[in-house]
Amino acid sequence: MTDEQTQRMSNWRPEYGAMRGDFESTQRMAPIAAQMAVPMPGVAGVAGGASAGTYAGAHQVAGRAQSNAGEAAGAADGVDINADMNIAVKKKSHKGLIITLIVAAVLLAALIGAFFTARWYFADRVAPGVHFGAVDVTGQTSDELTATVTKAVKDSAITVNDVTSGNKVTASLENLGVDVDVEATVKDLLNAKSSSNLLEDVVRVNPLSTVSVPLKATTNDFQLSDYLSSKLIDESGRAVPSSIAYNAETKAFAATEGRSGSTPQTAKVQAAVRNAVAEPGTAATVSVKDETIETPISLATAQQAADQANQRLSNKIVMTNGDSKQFTLPVDEVAKWIEPTGEPSKGEITLSYDTTAIKQYLEQQLPAQLNQDMVSQVDIVDGNGTVVIKAQTKGVNGVVVKDTDAAATQVVSALEKGQGGTVQVAADVTKYDTKQKKSEYRLVVDKSSQTVTVYQNGSLIKTFNVVTGKASTQTDNGTFYVYLKYQTQTMRGEDYVTPNVRWVTYFNGGEGFHAAPWNYSAIAAGDPINHGSHGCVNMYEADANWIYTNIPDGAIVQVVGSNPTSPTR
């Protein structure tokens, strides 16, 4: 009962007649015996020895009286006490709703946690619901898939019964011309049910969403027919199609004529092969009949295919790293990739290309042929930091090729078009840096004294007697740098040819240091007036050898002074 209802009851005053009737009714009630006095709740040993049961009975009577009085009061004020009790009950029912919401939230959180856990777990594994043939490959890793695919290929053998000849053969898919790309099949299985957003991720980890992945393979009906003929029909009666083959000596394909005879009808085997590619892992048995036919493929058709193959060999394919390295695919290797295919029953022969072999070759060879280490460019500078020789050591960019499978795709495309061309392989490139190296050596050629003085890091280490150019061909004055060397060279000029000149070190165009055994007397005398050179610095052989051996490119050469008017020594 609310406070408002209680207040209204306390203010209520019944009419006198009603009060009198109530009072008279009360007077007619039987008096309560003294021994029935009600003890206080919880108090033992009340006078008269009233029992707890007596107290309870009396209390119930009083309670009913109070309840009746309350209902009467409520009715007088128009208050529905039962309604208030319903409100209380309704308030209590909210607890159940709250509990339900909490349980739902916990379940939702668990589901979200399970989803993200599954999303993480299957990031590099096969998604739930992916099948490979009859095998559920959910959760398998790349290595596990490789084993699964390899086993499925092996288990997909096809037994062919020739009801005409009575011969039988059990053939692998490879025997029947199927080229299986295990690596590509594994990738397809891992990428099945691929996703790019959260909603697609939900579908990906849902095991009720199923996908069946076939083998990644190519078929060759020409090889299939040739294999079955060789195994089921005797050679003497066998129909042989005209074909092509590569001759390593002539570096070319040549056509070979076939003959008429018997051949198995291969349509059922071809259908079994297609089924094995779509649903690998199960062996099959097929019965075939033989038929007698003319030469399955004519010589003219085979020759046309040989010409097309030779065109592929002639149009070179060049692989480049986009920087400074390239190499041409060898003819013998390209020939291995060209395979005759087609349908002998239709008299057709075409060219196909062994994509797997191309990928494997390029994966191995491209890094070996096209990768290059970074080499710093080295510039020679003088004492002032001025570059005197740029790129004494030429800079080379570092190159590491990548994505060789993409390069293989381009090679296949070039072969299909028969046009050859250049294929640039994707690569990571590290640009070379440039370093400066101060010239350690300085050589001073003094025409006045007919000497060469060598300084290393500013310290004098050697002095040599020499003879420089004569008056008409004097050695040029100025500052120059060593840039080119020859151990032996034939020197030529307008009026001379001198073979086998040794220990040549050039510093200014055609001017350089070299041994001059024919002019030792002039060197000894320091006499360029009567026995000078054509501009070079003549030296004793041992001295010229020292210059050649010890003075690096970029060393500074200063020519100073003037020609003397007489021998200096």
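Helices, sheets and two unusual phi values in a predicted model

Reader: What span does helix 12 reach from its first C-alpha to its last?

Author: This is a predicted model. Helix 12 covers residues 355–370, which is 16 residues. At 1.5 Å a residue, 22 Å is expected. The helix comes close to that, reaching 21 Å.

Reader: Where is the kink in helix 12 centred?

Author: The kink is about 30 degrees. Buried residues of helix 12 include Tyr361, Leu362 and Leu366. The kink is centred on one of these buried residues, Leu362.

Reader: Which strands are the edge strands in the open sheet with the order 4-3-11?

Author: This sheet has 3 strands and mixed pairing. Neighbouring strands are turned by 20 degrees against each other on average, direction ignored. An edge strand here pairs on one side only. That holds for strand 4 (168–171) and strand 11 (284–288).

Reader: Which residue of strand 11 is the bridge partner of Ile158?

Author: Strand 3 spans residues 158–162. It runs parallel to strand 11, and 5 bridges join the two. In strand 11, the partner of Ile158 is Ala284.

Reader: At what angle does helix 9 run to strand 11?

Author: Two helices lie across strands of this sheet. Helix 8 (residues 221–232) lies across strand 3, strand 4 and strand 11, at about 140 degrees to strand 4. Helix 9 (residues 267–278) lies across strand 3 and strand 11. Its angle to strand 11 is about 165 degrees.

Reader: Why are the buried residues of helix 9 on the same side, and what arc do they cover?

Author: The buried residues are Val269, Gln270, Ala272, Val273, Ala276 and Val277. They sit on the same side of helix 9 because their arc around the axis is only 160 degrees.

Reader: Which elements do the buried residues of helix 9 pack against?

Author: Helix 9 has an exposed side too: Ala267, Lys268 and Arg274 are exposed on the other side. The buried residues, among them Val269 and Val273, make the packing contacts. Their partners are strand 3, helix 8 and strand 11.

Reader: Is Trp503 buried or exposed?

Author: Trp503 lies in strand 28 (residues 497–508). Its phi is positive, near 55 degrees, and it is not a glycine. Relative accessibility is 11%, and the cut-off for buried is under 20%, so Trp503 counts as buried.

Reader: How does Lys251 count by relative accessibility?

Author: Lys251 also is not a glycine, yet has a positive phi of about 60 degrees. It sits in the loop between strand 8 (243–247) and strand 9 (252–256). Its relative accessibility is 43%. That lies between the cut-offs of 20% and 50%, so Lys251 counts as partly exposed.

Reader: In the sheet with the order 27-28-29-30, what is the average twist from one strand to the next?

Author: This open sheet has 4 strands and mixed pairing. Strand 27 (484–492) and strand 30 (537–539) are its edge strands. From one strand to the next, the twist averages 35 degrees.

Reader: Which helix packs on this sheet?

Author: The helix touches strand 27, strand 28, strand 29 and strand 30. Its direction makes about 45 degrees with that of strand 28. It covers residues 541–550 and is helix 16.

Reader: Which residue of strand 30 stands opposite Ala515?

Author: Strand 29 (residues 511–515) and strand 30 pair in the parallel sense. The pairing runs over 3 bridges. Opposite Ala515 stands Met539.

Technical notes. Residues numbered from 1 in each chain as written. Predicted model: local features only at pLDDT ≥ 70, side-chain atom pairs only at ≥ 80, totals over all residues. Heavy atoms only, no water. Expected span 1.5 Å × (residues − 1). Bend = angle between axes of the 7 residues up to and from the residue. Buried < 20%, exposed > 50% of the residue type's maximum accessible area, 1.4 Å probe, protein only. Pairing = 2+ DSSP bridges. Axes fitted to C-alpha atoms, helices over the stretch in contact; angles between N-to-C directions. Contact = heavy atoms within 4.5 Å. Arc of directions from axis to C-beta.
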